[in-house]
Amino acid sequence: MDLDDFVFGSDSLDDDGNSDHYNRFMFDKEFGSFRAGSAEGDQWDELNRGDYSFASGLNNIASGLTSSVSGGQLNEAAGSFSSIASGY
């Protein structure tokens, strides 16, 4: 983890397999991405963090450039400039 990154609720930005770390709040400076809520797998790992993206909720993915998912669960904004508000 870069010194400019921050994460609360875990020691790592990526999933570490510890269920106590599913709920977290994080900012990845390299990608300019922000996450808040819960990820029970690799939904918020580097592979799924788009540049300048935002995701909140449960198991949501915002992997596209400037993509966002605001709440809900199991949503994915993979395209550039895509957005999902309060999905399922």
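User: In this predicted model, in which loop does Thr66 lie?
Analyst: The model is a predicted one, and Thr66 has a phi near 50 degrees, a positive value in a residue other than glycine. Most residues other than glycine have a negative phi. As for its place in the chain, Thr66 lies in the loop between β5 (61-62) and β6.

User: Is Thr66 buried, partly exposed or exposed?
Analyst: A residue counts as buried under 20% relative accessible area and as exposed over 50%, with partly exposed in between. Because Thr66 has a relative accessibility of 31%, Thr66 counts as partly exposed.

User: How many helices and how many strands are there in the protein?
Analyst: Read from the N terminus on, the elements run β-β-β-β-β-β-β-β. Counting by type, the protein has zero helices and eight strands.

User: What radius of gyration does the protein have, and why does it agree with a compact globule?
Analyst: Along the principal axes, the C-alpha atoms of the protein fill a box of roughly 30 × 25 × 15 Å. A compact globule with 88 residues would have a radius of gyration near 12 Å, so the value for the protein agrees with that expectation, being 11 Å.

User: What percentage of the residues of the protein count as buried?
Analyst: Buried here means under 20% relative accessible area. The surface that the protein exposes comes to about 4,600 Å², with carbon and sulfur atoms supplying 50% of it. Of the 88 residues, the share that counts as buried is 41%.

User: How far apart are the mean positions of the positive and negative charges of the protein?
Analyst: The protein has 4 positive and 16 negative charges. When a mean position is taken for each of these two sets, the separation between them is 5 Å.

User: Which residues make up the largest nonpolar core?
Analyst: Val69, one of the residues of this core, is found in strand β6 and counts as buried because its relative accessibility is 0%. Ala62 also belongs to the core, and its contacts, leaving aside neighbours within four places in sequence, include Ala55, Val69 and Ala77. In all, the core has nine residues, namely Val7, Leu13, Met26, Ala39, Trp44, Ala55, Ala62, Val69 and Ala77.

User: What distance separates the C-alpha atoms of Val69 and Leu3?
Analyst: Leaving aside neighbours within four places in sequence, Val69 is in contact with residues that include Phe54, Ile61, Asn75 and Ile84. Leu3 is 66 residues away from Val69 along the chain. The C-alpha atoms of Val69 and Leu3 are separated by 26 Å.

User: Is Asn75 buried or exposed?
Analyst: Asn75 has its place in the loop between β6 (68-73) and β7 (76-77). Leaving aside neighbours within four places in sequence, Asn75 is in contact with Asn59, Asn60, Ile61, Val69, Ile84, Gly87 and Tyr88. Since under 20% relative accessible area means buried, and Asn75 has a relative accessible area of 11%, this residue is buried.

User: Which residues does Asp45 touch, not counting residues up to four places away in sequence?
Analyst: Asp45 lies in the loop between β3 (33-38) and β4 (54-58), and with a relative accessible area of 15% Asp45 is buried. Asp45 and Leu13 are 32 residues apart in sequence, while their C-alpha atoms are 6.9 Å apart in space. Not counting residues up to four places away, Asp45 touches Asp14 and Asp15.

User: In which strand does Phe27 lie?
Analyst: At 26% relative accessibility, Phe27 counts as partly exposed. Not counting residues up to four places away in sequence, Phe27 touches Asp4, Asp5, Phe6, Leu13, Gly32, Ser33 and Phe34. Within the chain, Phe27 lies in strand β2, residues 23-28.

User: How far apart in space are Leu65 and Tyr52, C-alpha to C-alpha?
Analyst: Leu65 is found in the loop between β5 and β6, whereas the place of Tyr52 is in the loop between β3 and β4. Leu65 counts as partly exposed at 33% relative accessibility, and Tyr52 counts as exposed at 57%. Tyr52 is among the residues that Leu65 touches. Although Leu65 and Tyr52 are 13 residues apart in sequence, their C-alpha distance in space is 6.4 Å.

Notes: Residues numbered from 1 in each chain as written. Predicted model: local features only at pLDDT ≥ 70, side-chain atom pairs only at ≥ 80, totals over all residues. Heavy atoms only, no water. Helix = DSSP H or I, 4+ residues; strand = E, 2+ residues; numbered from the N terminus. Rg over C-alpha atoms; globule rule 2.2 N^0.38 Å. Buried < 20%, exposed > 50% of the residue type's maximum accessible area, 1.4 Å probe, protein only. Areas by Shrake-Rupley, 256 points an atom, 1.4 Å probe, with all protein chains shown as cover. Lys, Arg positive; Asp, Glu negative; His and termini not counted. Charge placed at Lys NZ, Arg CZ, Asp CG, Glu CD. Core = buried A, V, L, I, M, F, W, Y, C linked by side-chain atoms within 4.5 Å. Contact = heavy atoms within 4.5 Å.
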